Amino acid sequence: MNKFFRMMAVGMLLIAASCEPMKMDTYEKNLEVPGHEWAYNYKPAFEVTLQPADTAYLYNIYVNIRHKDAYPYSNIYLLINTQFPGEQPVSQRVELPLADVNGKWLGSGPNGVKGNKLDDIYEHRIPIQTKAILNKPGIYKFTFEQNMRQNPLPDIMNVGLRVEKAGLRTNEKATQ
């Protein structure tokens, strides 16, 4: 009977451990832009949930952009709306470079020449904040709006958000 109670205790510990919320290492989500034309009224939104243990880390935050070679600009301006848990959203306008001064795309693309250059697709992961402090557990909301003069903005296929752990916070506030 002693063996039975030990087995029950081990089983209960395993069940309790499996009920603990998962910690976040990386969040990444990419959304397709309708018709590959990003209109002002299309505002992709992303929700990142952090558990209390996740607040002990620093985070790198990226915007993912996927576009066709025919995209007519070397950059893209976005309004990024960020809402921390329990706070009002904050909006910031950012310029994301997509090409160098010579017009060569900065993102990853084809290694060779394809039959029709207009079919080439380029992907960018552009940092918008490194070593960010996300010190409240809960849901962080990010909304992106294209803020170029042209509407709709052609040849943008996908837009996304990536949030990844960058290491432990080293100050004493990280454990609060």
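In what sense do strand β5 and strand β6 pair, and over how many bridges? This is a predicted model, so take what follows as a description of that model. Strand β5, residues 75-83, and strand β6, residues 90-97, pair in the antiparallel sense, over eight bridges. One position to look at is Leu79, whose bridge partner in β6 is Arg93.

The two strands form a hairpin, with six residues between them. In the turn sits Gly86, which has a positive phi of about 75°.

β5 also pairs with β8, again in the antiparallel sense, over six bridges. Here Ile80 has Phe144 in β8 as its bridge partner.

Now β8 itself, which covers residues 138-146. Strand β3 pairs with β8 too, antiparallel and over six bridges. The partner of Phe46 in β8 is Phe142.

Next, the side chains of β3, residues 45-50. Which of them are buried? They alternate along the strand: Phe46, Val48 and Leu50 point to one face and are buried. Ala45, Glu47 and Thr49 point to the other face and are not buried.

That leaves the core. The largest nonpolar core has 32 residues. Trp38, Ile76, Phe144 and Leu161 have the most contacts inside it. The elements giving two or more residues to this core are β3, β4, β5, β6, β7, β8 and β10. Of these, β4 spans 57-68, β7 spans 121-133 and β10 spans 156-168.

To come back to Phe144: this residue is the bridge partner of Ile80, and it is also among the residues with the most contacts inside the largest nonpolar core.

How values were computed. Residues are numbered from 1 along each chain as its sequence is written. This is a predicted model: local features need pLDDT of at least 70, side-chain atom pairs count only at pLDDT 80 or more; totals for chains, interfaces and linings use all residues. Side-chain values use heavy atoms; hydrogens and water are left out. Buried means under 20% relative accessible area, exposed over 50%, partly exposed in between (1.4 Å probe, protein chains only). Helices (H or I, at least four residues) and strands (E, at least two) are DSSP runs, numbered from the N terminus. Two strands pair if DSSP finds at least two bridges between them. A nonpolar core is a set of buried Ala, Val, Leu, Ile, Met, Phe, Trp, Tyr and Cys residues joined through side-chain atoms within 4.5 Å.
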